[in-house]
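Trainee: I'd like a close look at one part of this model. Take your time and walk me through it in one go.

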2 protein chains.
Amino acid sequence: MTLHSTNPEGRKPVIRCAACPIADRAVCSYSTTRELSLLEAIKSYRTYLPGEEIQSTGEAAAHVGSVVEGIVSLSRLMPDGRRQMVGLLFPGDFLGRATRDTAPYDAIAVGQVTLCQFDRRRFEKMLGDSPALNRRLLDMTLDELDAAREWMVLLGRKTAREKIASFIALTARRSRAPVSADGLHIALPLTREAMADYLGLTIETVSRQIGALKRDGLIILTDARHLVIPDLDALSAEAGDDVV
Amino acid sequence: MTLHSTNPEGRKPVIRCAACPIADRAVCSYSTTRELSLLEAIKSYRTYLPGEEIQSTGEAAAHVGSVVEGIVSLSRLMPDGRRQMVGLLFPGDFLGRATRDTAPYDAIAVGQVTLCQFDRRRFEKMLGDSPALNRRLLDMTLDELDAAREWMVLLGRKTAREKIASFIALTARRSRAPVSADGLHIALPLTREAMADYLGLTIETVSRQIGALKRDGLIILTDARHLVIPDLDALSAEAGDDVV
DNA sequence: CGGGGTTTTGAGAAACTTCAAATATTGTGG
DNA sequence: CCACAATATTTGAAGTTTCTCAAAACCCCG
């Protein structure tokens, strides 16, 4: 990609908003050119390495911002080490709570991540003055709430097999996967451990259920992180949802 | 779902906003007197009987509104009958998506419920003009998102015992329960079935775990829906969360 | 008092986890 | 480019938790 050089600080040159790859989906997508120029003045870019902690629970967060590239996981760590992922942020998604000074969850970079950051206080101030930002943030938060609830159904009521099938089908839908004669080719963005934390399972169960789907011909593994879905409808049928 | 006697009227005389019991928490709580009078013009009250369906999945929702009295559950029913609750609305909470025309979940009255309703289209229109409403709705939605995520941790990683302990502790905190010499007296607002749907368990497991907490002296049941908590800290310790 | 619904209890089965170890895979320095 | 260490994934066997099925007990209301 264009924004690739990793400098030690994780700082990046500022991309002009007009050329921003997430301009149509980000928190600023309802904003006028005039408002964009105000945001442009307070934004900065930063990159994080795979596995790097962007924010940790209880820590004061100086910044909020948009995911430009990569994936960020939000998770809660229980005192005894159990971890549950509670959110997965893709490019365009917004990270952080403008109106709260400590982060309620750990935000961890999955793969390399680039954020478009704003100073939290200054962003909060702008939010107070901008109906466009406010409204966009509301719409995004409502979408996140819907996703969280869908996820609750998965966590509370689905079997391990359904969880895995749901996750793979979701990944297939989210990444506009290349279709070839043998099916959809997709890459799994998460490690088995991260999948387990996402789905409320152990890594062993994740591995076994992926194996089972493979044996049943619903997926074909090329390697541990890449697979082919010959028939997405058949896979989706294993996910336990209503036929959409 | 149980059959219930019909609710012929369900209409209630309009309470003046100035005398509204949820004025400090509702979606209108940031609004000026002037804006309240606009809302007052388009609001209506309606009551629902215990178990009555307020909205069902996929159905067009004509209204949105605030819970004034009672509790509303939001849940998703899977095609084979499994049900997962995804939200529990208390007085002051807002029901419905202004910017979406079909409800994504079933909204069911738990006990008798009174709503302060607005025509969805008209409310949506006001939302476009009102920073106060917008901002309040954003704050409420962020709180709901936090609650949903907390709940995801419970669903994905907690044991049955921890789930029950969490639920009882939560209920105790939410209902300013009367304290007497023997402890906190609380009423469980949900049936065992509703608790099971909330916690991602079966009714039998709910019943057994309540029995276990009782045997361990962490709760004292007066009847199936009323109990005493001698030591809330001890109960909370069973919930598996960080010590707060 | 009867009947519907709710809650509890029991026994066995199933799903998932835990512990343990083997097998890939990846990154690194020589 | 290879060997090696570190990490990630798979597999196996046994154990635990939770579910399922079945039935009894309880409770509220008319």
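How many residues surround DNA strand C, and which are the closest?

Mentor: Ground rules before the tour. This is a predicted model, so to speak: local features need pLDDT of at least 70 and side-chain atom pairs count only at pLDDT 80 or more, while totals for chains, interfaces and linings use all residues. Residues are numbered from 1 along each chain as its sequence is written, chains are lettered from A and ligands numbered from 1 in the order in which they are written, and side-chain values use heavy atoms, with hydrogens and water left out.

Now, your strand. DNA strand C is surrounded by 16 residues, where being near means having a heavy atom within 4 Å of the strand. The closest are A:A160, A:T205, B:R192, B:S207 and B:R208. Of the strand atoms that come within 4 Å of the protein, 62% belong to sugar and phosphate.

Zoom in on some side chains. A:T205 puts a polar side-chain atom 2.5 Å from a phosphate oxygen of DNA strand C, and B:S207 has one 2.8 Å from a phosphate oxygen. B:R208 goes for a base instead: a polar side-chain atom of B:R208 sits 2.8 Å from a base nitrogen of the strand. Two elements give two or more residues to this surface, α6 (203-215) of chain A and α6 (203-215) of chain B; helices here are DSSP runs of H or I with at least four residues, numbered from the N terminus. By class, the surface splits into three nonpolar, seven polar and six charged residues. Nonpolar means Ala, Val, Leu, Ile, Met, Phe, Trp, Tyr, Cys or Pro, charged means Asp, Glu, Lys or Arg, and the others, Gly among them, are polar.

Both chains show up there, so how do they relate? A turn of 180° and a shift of 0.0 Å along the axis lay chain A on chain B with an RMSD of 0.0 Å, superposed by least squares on C-alpha atoms of residues with pLDDT of at least 70 in both. The copies are thus related as by a two-fold rotation axis. They also use the same surface: 100% of chain A's contact residues recur in chain B, contact being heavy atoms within 4.5 Å.

As for that interface, 47 residues of chain A are in contact with 47 of chain B. The rule finds 15 salt bridges across it, each a side-chain nitrogen of Lys or Arg within 4 Å of a carboxyl oxygen of Asp or Glu. One of them joins B:R82 and A:E162, at 2.8 Å from N to O.

Note on methods: Polar contact = N/O pair within 3.5 Å; in protein donor to acceptor, adjacent residues only side chain to side chain.
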